[in-house]
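User: I am new to this structure and would like a close look at one part of it. Please start with the overall layout, then take me through that part step by step.

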Amino acid sequence: LAFDYPIIEALILHIDRMYKDAQKDQIEEKPAGTILVFLPGWGDIDTLQKRLAQNFDPKRFKILPLHSQVTPQQQQEIF
């Protein structure tokens, strides 16, 4: 089963756009949220992480993998 990585990227950008639009009507800005993307294995996680890191603004998006192969220190960044 091959994943459609561009559609995942498009969905993340759509959610971000909806968040920005909602912020326009707010008096005080709320902190940004988190988007979790569940994938079946490390290869898919690694591929998507690399694509997102290449295509998304690192000032706007923090991309963190979570998998048993990730060190406990790296996992703590998630929380």
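How many helices and how many strands are there in the chain? After that, please look closely at helix H1: which of its residues are buried?

Analyst: Start with the layout. This is a predicted model. The chain has three helices and zero strands. Read from the N terminus, its elements run α-α-α. Along the principal axes, the C-alpha atoms fill a box of roughly 40 × 30 × 20 Å. The chain has 79 residues, and 20% of them count as buried. Now take the contacts between residues at least 6 apart in sequence: 50% of these join residues at least 24 apart.

Now to helix H1. It covers residues 5–24. Its length can be checked. At 1.5 Å a residue, the 20 residues of H1 should span 28 Å. The C-alpha atoms at its ends are 29 Å apart, which agrees.

Next, its buried side. Tyr5, Ile8, Glu9, Ile12, Asp16 and Gln23 are the buried residues of H1. Seen down the helix axis, they fall within an arc of 100 degrees, so they line one face of H1. A general rule helps here. An α-helix has 3.6 residues a turn, so residues three or four places apart point the same way. The face of H1 turned away from the buried side carries Ile7 and Lys24, which are exposed.

What does the buried side meet? The buried residues of H1 pack against H2. Two of the buried residues deserve a closer look.

Take Ile12 first. Ile12 sits in H1. Its relative accessibility is 8%, and buried means under 20%, so Ile12 counts as buried. Leaving out residues up to four places away in sequence, Ile12 touches Ile35, Val37, Leu52, Phe56 and Phe61. One of these partners, Val37, is 25 residues from Ile12 in sequence. In space, the two are 9.4 Å apart, C-alpha to C-alpha. Another partner, Leu52, is a buried residue of H2.

Then Asp16. Asp16 is also found in H1. Its relative accessible area is 11%, so Asp16 is buried too. With residues up to four places away in sequence left out, Asp16 touches Arg60 and Phe61. Phe61 is also on the list for Ile12.

Now see the packing from the side of H2. Helix H2 covers residues 42–55. At 1.5 Å a residue, its 14 residues should span 20 Å. Its end C-alpha atoms are 20 Å apart, which agrees. Asp44, Ile45, Leu48 and Leu52 are buried in H2. Down the axis of H2, these residues fall within an arc of 100 degrees, so they line one face of that helix. Lys50 and Gln54 are exposed on the other side of H2. What covers the buried residues of H2 includes H1.

Last, the largest pocket, where H1 comes in again. About 940 Å³ of space lies in this pocket. Helix H1, helix H2 and helix H3 (72–78) are the elements that give two or more residues to its lining. The lining has 26 residues; Thr34, Ile35, Leu36, Lys62 and Leu64 lie nearest the centre. Of these, Ile35 is a residue that Ile12 touches. By class, the lining holds 19 nonpolar, three polar and four charged residues.

To sum up, H1 has its buried residues on one face, and these pack against H2. H1 also gives residues to the lining of the largest pocket.

Terms used:
Residues are numbered from 1 along each chain as its sequence is written. This is a predicted model: local features need pLDDT of at least 70, side-chain atom pairs count only at pLDDT 80 or more; totals for chains, interfaces and linings use all residues. Side-chain values use heavy atoms; hydrogens and water are left out. On a 1 Å grid over the protein atoms alone, a cavity is a set of points where a 1.4 Å probe fits but cannot get out, and a pocket is an open set with protein on both sides within 12 Å along at least five of seven lines; lining residues have an atom within 4 Å of a point. Grid points are joined across faces, edges and corners, and a volume is the space filled by probe spheres set on the points. Helices (H or I, at least four residues) and strands (E, at least two) are DSSP runs, numbered from the N terminus. Ala, Val, Leu, Ile, Met, Phe, Trp, Tyr, Cys and Pro count as nonpolar, Asp, Glu, Lys and Arg as charged, and the others, Gly among them, as polar. The expected span of a helix is 1.5 Å times one less than its number of residues. Buried means under 20% relative accessible area, exposed over 50%, partly exposed in between (1.4 Å probe, protein chains only). The arc is that of the directions from the helix axis to the C-beta atoms. Contact means heavy atoms within 4.5 Å.
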